[in-house]
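Colleague: Please take one single part of this model and go through it closely. I am new to this, so explain each term once as you reach it.

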Amino acid sequence: MLPISDSSSPESQSLKIPKTPDLLKRKNSFSSIQPYLSLHHPRTWFIVVVLSLQIFLLLMARSGPASVSHRRSHFPAPTYVAAAPSTDGDSQCGSGKVYVYDLPPIFNTELLQNCSELNPWVSRCEAFSNGGFGPKATGYAGIVPENLTHAWYWTDQFASEIIYHNRIMNYRCRTTKPESATAFYIPFYGGLALGKYLWRNYSAKDRDRHCEMMLRWVQNQPFWNRSNGWDHFTTMGRITWDFRRSNDDDWGSRCIYLPGMRNITRLLIERNQWDYFDVGVPYPTGFHPWTDSDVVTWQDFVRTRKRNTLYCFAGATRGFIKNDFRGVLLSQCYNESGSCRIVNCGGSKCANGSSAILETFLDSNFCLQPRGDSFTRRSIFDCMVAGSIPVFFWKRTAYYQYEWFLPGEPESYSVFIDRNAVENGTSIRGELEKIGKEEVRLMREKVIEYIPKIVYAKPNEGLVGIRDAFDVAMDGVLSRIKEQEGGYKW
C-alpha cells in the first residue's frame with residue numbers, strides 16, 4: 001500500500017488555518033454586512049428565503065441514490081468494466097469465466113516438442129508426457145488397491161504448468177469470448193523455458209528472454225488495458241525464488257521483477273509469503289484419480305490402513321548446507337529405529353516418488369517434513385495423500401503457503417516442533433508419543449478429508465462431484481479478481 005501522509009507533511013502544512021491577518025480581514029468583512037442582517041431590513045428576509053431554498057435542494061440531493069462508488073484513491077479504476085459472465089445454464093460459474101490466451105507456440109507447445117533440450121544431462125520428454133502426468137507408475141502392486149493402480153503416475157514436481165494448461169482448456173467455466181471473461185489465463189510454461197538455461201554458461205539475458213517476449217505479447221492484447229493486468233493469471237511451475245533474480249550473476253530469471261508481471265496473479269508450488277500476487281498451489285503428486293469413486297476408495301483405504309511405525313523420514317542430507325537440519329533428523333531416526341522408519345533418498349533415486357516412499361508413508365502415523373532445498377517440498381503432499389500426519393519444523397513450509405488448500409487450523413492436521421528445540425536435544429519420538437490415540441485419529445481424519453484438495457484429477461474435465469486442487473485454485477483466483485473489481489484492495 002502507498003503510505004498515508006501524516007499531519008506534519010509539507011502538503012498538510014499548506015492546508016492549515018490562515019494566519020491572523022487573514023482572520024482579521026474576514027472579521028472586518030463580516031462587520032461590514034452586519035447592518036443588512038437586521039430582521040427589520042427587507043434584504044434580511046430575501047437572504048433567509050434564498051438560504052432556505054438552497055438547504056432544501058441540498059437535502060434532496062443527499063437523500064437520492066448514490067451514483068458513484070467509492071474507490072481507493074491509490075488504484076485507478078479499470079478503464080473497461082467487466083461484462084457479466086455469460087449465462088449458458090452453468091450455475092457453477094457464479095464467480096465468472098476464464099478466457100485462455102492463444103499464445104504463440106514458442107511459449108508452451110514448442111517447449112514440449114523440444115523436451116529433449118530442456119535439461120543438459122537427460123531428456124525430459126518422458127517426465128512431461130501424458131499431459132504432464134508422466135509415465136504410469138510401476139511397482140505398486142500389493143501396495144495400493146488393485147483397482148487403483150491405474151491412478152498412479154511418475155509425475156514430475158515441476159509439471160504443474162502443463163497440467164493446468166490441459167485442464168483449463170477443458171474447464172467448465174472457460175469462455176471463448178474475451179469480452180465476457182472475468183479472468184484471463186496466460187498459458188506460459190515459464191518454468192520449462194527457464195529450466196533449459198539454468199545450467200552451463202547461459203547468460204542472464206538467456207534466462208529472461210522468454211518471459212520478456214511473453215509480457216510484450218500480452219501487453220499488446222486489447223483486454224490487458226482493462227485493468228493493467230489485474231485480471232490476468234498464470235501458472236509458474238517452479239518455486240517463486242527461481243524467478244526473482246536480483247543480480248545478473250545470481251540464480252534464475254528476473255521474470256517476477258519485470259514491470260508487466262507486477263499485477264499478474266501467479267500460481268506457484270512455493271510462494272513468497274509477502275507478495276500478494278504469489279499463490280501457493282500443491283506440488284503435483286503421483287495420485288491422479290479418474291473418478292469420484294477413485295477418491296473415495298483411496299480415502300477409505302488410507303483410513304483403515306494399519307500403521308506399524310510411529311514416524312518416518314524420506315529424504316537425504318544436504319552436505320553443502322552448514323548445520324544441515326536433515327542430518328539431525330536422520331540421527332534421531334537411526335537412534336530410534338524401533339519407532340522411526342527411513343527412506344534414504346541420496347542421489348536422485350526418490351525423484352518424483354517411489355514405491356518405497358509411498359509404502360513408508362502408508363505404514364507411519366507421522367512423517368517428518370523439514371524444509372527442502374527451499375522452504376517447501378513435494379514430500380508434504382506425498383505424505384498427506386498417504387494419510388500420514390505431517391510434522392513441520394518451519395511454519396513457512398506449509399502454514400504460510402497453501403492457505404486455499406489446507407485447513408485453517410494447523411493443529412487440526414499437523415504437528416509443529418520448533419527446530420531449535422530439536423537441535424537442543426528435544427526428542428521427536430517423545431513429543432509424538434504425547435499425542436493420544438483419539439487425537440491422532442482426528443488429525444488423520446482431517447488429512448484424509450483434504451486429500452481431494454491437494455491432488456490433480458486425471459480427466460481434463462475434472463471430476464463430477466468432487467473439487468480437486470485445480471478447481472480450488474480456479475475458485476480462489478476468480479474470487480480474488482471479483483473482489484478487486486472497482487479498486488485495489490490490498
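Modeller: What follows starts at one strand, moves to the cysteines, and ends with the rings.

This is a predicted model, in which local features need pLDDT of at least 70 and side-chain atom pairs count only at pLDDT 80 or more, while totals for chains, interfaces and linings use all residues. Residues are numbered from 1 along each chain as its sequence is written, and side-chain values use heavy atoms, with hydrogens and water left out.

The part I have chosen is strand 9. Helices (H or I, at least four residues) and strands (E, at least two) are DSSP runs, numbered from the N terminus. Strand 9 is mostly covered, since six of its six residues are buried. Buried means under 20% relative accessible area, exposed means over 50%, and partly exposed lies in between, with a 1.4 Å probe and protein chains only.

Now the partners of strand 9. Two strands pair if DSSP finds at least two bridges between them. Strand 7 (residues 309–315) runs parallel to strand 9, and the two pair over three bridges. Within that pairing, Cys312 has Cys367 of strand 9 as its bridge partner. Strand 10 (residues 389–392) also pairs with strand 9 in the parallel sense, over four bridges. There, Gln369 is bridged to Phe392 in strand 10. Between strand 9 and strand 10 the chain passes through helix 11, and this β-α-β crossover is right-handed. A crossover is right-handed if, with the strands pointing away from the viewer, the path from the first strand over the helix to the second runs clockwise.

The strand also takes part in a disulfide, which is a pair of cysteine sulfur atoms within 2.5 Å. Cys367 and Cys383 form one, with sulfur atoms 1.8 Å apart. The torsion about their S-S bond is about -65°, so this disulfide is left-handed. It links distant parts of the chain, as Cys367 is in strand 9 (residues 364–369) and Cys383 in helix 11 (residues 379–385), 16 residues apart. Cys367 and Cys383 are both buried. Cys312, in contrast, is in no disulfide; its nearest cysteine sulfur belongs to Cys367 and is 5.5 Å away. Cys312 counts as buried, at 0% relative accessibility.

For comparison, here are other disulfides in the chain; by this rule the count comes to five. One of them joins Cys93 to Cys173, with an S to S distance of 2.0 Å. Its torsion is about -95°, so the link of Cys93 and Cys173 is left-handed. Cys93 lies in the loop between helix 3 (42–63) and strand 1 (98–100), and Cys173 in the loop between helix 5 and strand 2 (174–175), so the pair ties together parts that are 80 residues apart in sequence. Cys93 counts as buried at 6% relative accessibility, and Cys173 counts as buried at 1%. Another disulfide is formed by Cys211 and Cys255, whose sulfur atoms are 2.0 Å apart. With 60° about the S-S bond, this link of Cys211 and Cys255 is right-handed. Cys211 lies in helix 7 and Cys255 in the loop between strand 4 and strand 5, so the disulfide ties together parts that are 44 residues apart in sequence. Cys211 and Cys255 are both buried.

Rings also link parts of the chain. Rings of Phe, Tyr and Trp (its six-membered ring) pair if their centres lie within 6.5 Å; planes under 30 degrees apart count as stacked, over 60 as edge-to-face and the rest as tilted. The structure holds 31 aromatic pairs. Among them, Tyr140 and Trp154 are edge-to-face, at 5.5 Å centre to centre and 70° between the planes. Tyr140 and Trp154 both lie in the loop between helix 4 (109–113) and helix 5 (160–168), so the pair ties together parts that are 14 residues apart in sequence. Tyr140 and Trp154 are both buried. Trp230 and Tyr276 form a tilted pair, 6.1 Å centre to centre with 55° between the planes. Trp230 is in the loop between helix 7 (204–219) and strand 4 (232–239), and Tyr276 in the loop between strand 5 (265–270) and strand 6 (278–280), 46 residues apart. Trp230 is buried, with a relative accessible area of 5%. Finally, ring pairs join Tyr140, Trp152, Trp154, Phe287, Trp298 and Phe301 into a cluster.
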